[in-house]
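Colleague: I would like a close look at a single part of this model, taken slowly and with the terms spelled out.

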Amino acid sequence: MVLSEQALKKIDRELAKFPADQRQSAVMAALAIAQDETSWLSPEVLQFVADYIGMPAVAVQEVATFYNMYNTKPVGKHKITVCTNLPCALSGGERAAHHLKQKLGLDYKETSADGQFTLMEGECMGACGDAPVLLVNNKRMCGFMSNDKIDALVTELSQTTEAGK
């Protein structure tokens with residue numbers, strides 16, 4: 001089985017929120033649940049979600065490739081997305097990105113050799129007043145990111161990596 005029973009139960013809860021003829025409405029939640037379990041949405045996982053929901057596989061793939069919160073290629077344990085939309089760019093986003101690139105030794109869309117970090121460029125995260133903004137693993141938003149705060153975040157994430165070994 002591609003996904004665990006626990007993941008399927010979560011998807012079933014999402015499916016239950018919609019009438020039977022509108023199961024496709026749960027596709028975004030189903031993809032998020034699948035990604036939380038597998039870390040990225042492989043073609044096999046996309047096909048499984050499509051079959052489970054009862055949608056054409058191409059429609060599920062369209063959703064997964066349209067939104068940047070879905071990983072359709074392997075990523076590091078810690079995916080850090082830097083908002084580079086204009087308000088963030090003008091309020092330190094470019095500086096924050098440069099600092100992260102130097103600190104991690106990565107460019108956008110690259111993953112560290114140890115598989116721990118992936119650096120991504122993102123569009124508006126809806127927190128322009130908190131610029132520069134970073135998003136960690138699509139779940140944790142970090143605002144007002146000075147170089148010191150970026151250093152502390154990378155140290156924290158590195159320590160959770162080491163503790164998880």
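Which element gives the most to the lining of the second largest pocket, and with how many residues?

Modeller: Before the answer, a word on the basis: this is a predicted model, in which local features need pLDDT of at least 70 and side-chain atom pairs count only at pLDDT 80 or more, while totals for chains, interfaces and linings use all residues. Residues are numbered from 1 along each chain as its sequence is written, and side-chain values use heavy atoms, with hydrogens and water left out.

The element you ask about is H2, which gives the most to the lining of the second largest pocket, with 4 residues. Helices (H or I, at least four residues) and strands (E, at least two) are DSSP runs, numbered from the N terminus. A pocket, on a 1 Å grid over the protein atoms alone, is an open set of points where a 1.4 Å probe fits, with protein on both sides within 12 Å along at least five of seven lines, and its lining residues have an atom within 4 Å of a point. About 310 Å³ of space lies in this pocket, where a volume is the space filled by probe spheres set on grid points that are joined across faces, edges and corners.

The lining of the second largest pocket has 15 residues, of which Gln 35, Asp 36, Asn 71, Asn 137 and Asn 138 lie nearest its centre. By class, the lining divides into 5 nonpolar, 6 polar and 4 charged residues, with Ala, Val, Leu, Ile, Met, Phe, Trp, Tyr, Cys and Pro counted as nonpolar, Asp, Glu, Lys and Arg as charged, and the others, Gly among them, as polar.

Asn 138 deserves a separate look, since its place is in the loop between S4 and strand S5 (140-142), and it has a positive phi of about 60° although it is not a glycine. Most residues other than glycine have a negative phi, and most peptide bonds are trans. Asn 138 counts as partly exposed because its relative accessibility is 24%, given that buried means under 20% relative accessible area, exposed over 50%, and partly exposed in between (1.4 Å probe, protein chains only). On the other side of strand S4 (134-136), the loop between S3 and S4 holds Pro 132, and the peptide bond from Ala 131 to Pro 132 is cis, with omega near -5°.

H2 also has a part in the largest nonpolar core, a core being a set of buried Ala, Val, Leu, Ile, Met, Phe, Trp, Tyr and Cys residues joined through side-chain atoms within 4.5 Å. This core has 24 residues, and those with the most contacts inside it are Leu 3, Val 27, Leu 31, Leu 41, Val 49, Ile 53 and Val 60. Helix H1 (5-15), helix H2 (27-38), helix H3 (43-53) and helix H4 (57-66) are the elements that give two or more residues to the core, and its largest share, 6 residues, comes from H3. In soluble globular proteins, nonpolar side chains tend to be buried together. Leu 3 touches Leu 8, Ile 11, Ala 34, Glu 37, Thr 38 and Phe 48, not counting residues up to four places away in sequence, where contact means heavy atoms within 4.5 Å.
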